[in-house]
Amino acid sequence: MLVRFTKMHGLGNDFMVIDALSQRVRLTPKIVRKLADRHTGIGFDQLLLVEPPSRPDMDFRYRIYNADGSEVEHCGNGARCFGRFVRERRLTVKDEIHVETARGQAILYLLPDRQVDVDMGVPELRPAEVPFSAEQQAVVYPVEVDGETIELSVVSMGNPHGVLLVDDVDTAAVETLGPALEAHPRFPKKANIGFMQVINRGEIRLRVYERGAGETLACGTGACAAVVAGRLRGLLDEEVLVHLPGGELRIRWPGEGSSLRMTGPAATVYEGQIYL
Ligand SMILES: N[C@@H](CCC[C@H](N)C(=O)O)C(=O)O
């Protein structure tokens with residue numbers, strides 16, 4: 001089966017995007033892993049599959065797969081790339097796009113200069129809903145890793161996140177603590193792990209070790225989770241500029257019970273065809 005695809009990225013978090021409206025595509029975890037291989041495949045952090053919606057009030061549905069083949073609930077950079085993809089391929093003429101995801105729905109607003117603003121939904125803080133194992137809800141949880149206690153905030157943006165504070169993201173133990181916390185037994189569905197350095201009340205630096213993909217150049221849901229964690233700790237204001245290795249995202253969160261808004265770029269790299 002010959003499949004057309006588009007290679008895209010949001011701040012270096014890269015995607016293979018497939019239109020499953022105009023072509024038949026059957027994906028398995030094994031096929032996704034093969035395509036994700038950066039030496040023998042296309043190479044990407046996530047694959048996005050654009051499908052027709054199942055609800056009449058939605059414009060599209062899109063599915064998200066990590067490079068390890070697992071299907072996930074939400075993806076911030078992916079949402080922006082999805083928005084540009086459906087416009088560039090003329091699958092819609094709308095500037096406000098309502099899309100179904102495995103976590104529910106997201107609303108995208110296409111802006112000038114390839115920027116996309118996304119309503120990322122209301123963060124979930126109840127540990128059982130993240131999911132994270134804890135007796136009761138807290139702002140930070142002590143988590144044991146190899147005899148060391150890490151102070152972790154946990155947030156669901158539809159997908160699970162743990163966020164820890166570091167003095168300097170450049171020297172943070174992302175390569176060792178990232179995988180240890182991603183697969184920590186207190187996260188039954190694993191988690192994305194954010195390492196956040198607070199610069200001031202309106203700016204942070206962030207590196208994210210992503211579940212199912214390893215460290216990426218940027219993570220949109222990770223940026224949202226970090227701002228939620230920083231706000232709950234009383235360290236951040238409502239609007240925060242998040243500096244990631246791949247560039248900047250602007251995140252706004254009024255507080256508990258409110259949706260987060262994320263604004264950032266989305267770029268197309270090339271189009272191609274591949275036999276699956
Ligand atoms: N890169 C994404 C998040 C993709 C999913 C994540 N790895 C997970 O397993 O939950 C983003 O920009 O949010």
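**Ligand site and backbone features**

The shell of residues around the ligand draws at least three residues from each of two domains, domain 1 (2-117 + 266-275) and domain 2 (127-258). The model examined here is predicted. Two helices also take part in the shell: helix 2 (76-88) supplies at least two residues, and so does helix 4 (220-232).

There are 15 residues around the ligand, and those that come nearest are Asn13, Glu210, Arg211, Gly220 and Thr221. Sorted by residue class, the shell holds 10 polar residues, 3 nonpolar residues and 2 charged residues.

Polar side-chain atoms of several residues lie a short way from atoms of the ligand, as the following distances show. For Asn13, a polar side-chain atom is found 2.7 Å from a nitrogen atom of the ligand. Gln46 likewise places a polar side-chain atom by a nitrogen atom of the ligand, here at 3.3 Å. In the case of Arg211, the ligand atom is an oxygen, and a polar side-chain atom of Arg211 lies 2.7 Å from this oxygen. On its own, the ligand has 370 Å² of accessible area, and the protein covers 100% of it. The space that the ligand takes is the largest cavity.

Two features of the backbone were also recorded. The first concerns the peptide bond that runs from Val130 to Pro131, which is cis. The omega angle of this bond is near -5°. Pro131 belongs to the loop that connects strand 8 (115-121) with strand 9 (141-145).

The second feature concerns Arg90, a residue other than glycine that has a positive phi value, near 60°. Arg90 is located in the loop between helix 2 and strand 6 (96-101). Helix 2, at one end of this loop, is one of the helices that supply residues to the shell around the ligand.

In summary, the ligand takes the space of the largest cavity, is covered by the protein over 100% of its accessible area, and has a shell with residues from both domain 1 and domain 2.

Definitions and conventions
Residues numbered from 1 in each chain as written. Predicted model: local features only at pLDDT ≥ 70, side-chain atom pairs only at ≥ 80, totals over all residues. Heavy atoms only, no water. Near = heavy atom within 4 Å. Polar contact = N/O pair within 3.5 Å; in protein donor to acceptor, adjacent residues only side chain to side chain. Areas by Shrake-Rupley, 256 points an atom, 1.4 Å probe, with all protein chains shown as cover. 1 Å grid on protein atoms, 1.4 Å probe; cavity = no way out; pocket = protein on both sides within 12 Å on 5 of 7 lines; lining within 4 Å. Sits in = over half its atoms within 2 Å of the grid points. Helix = DSSP H or I, 4+ residues; strand = E, 2+ residues; numbered from the N terminus. Nonpolar A, V, L, I, M, F, W, Y, C, P; charged D, E, K, R; others polar. Domains from an automatic or database assignment.
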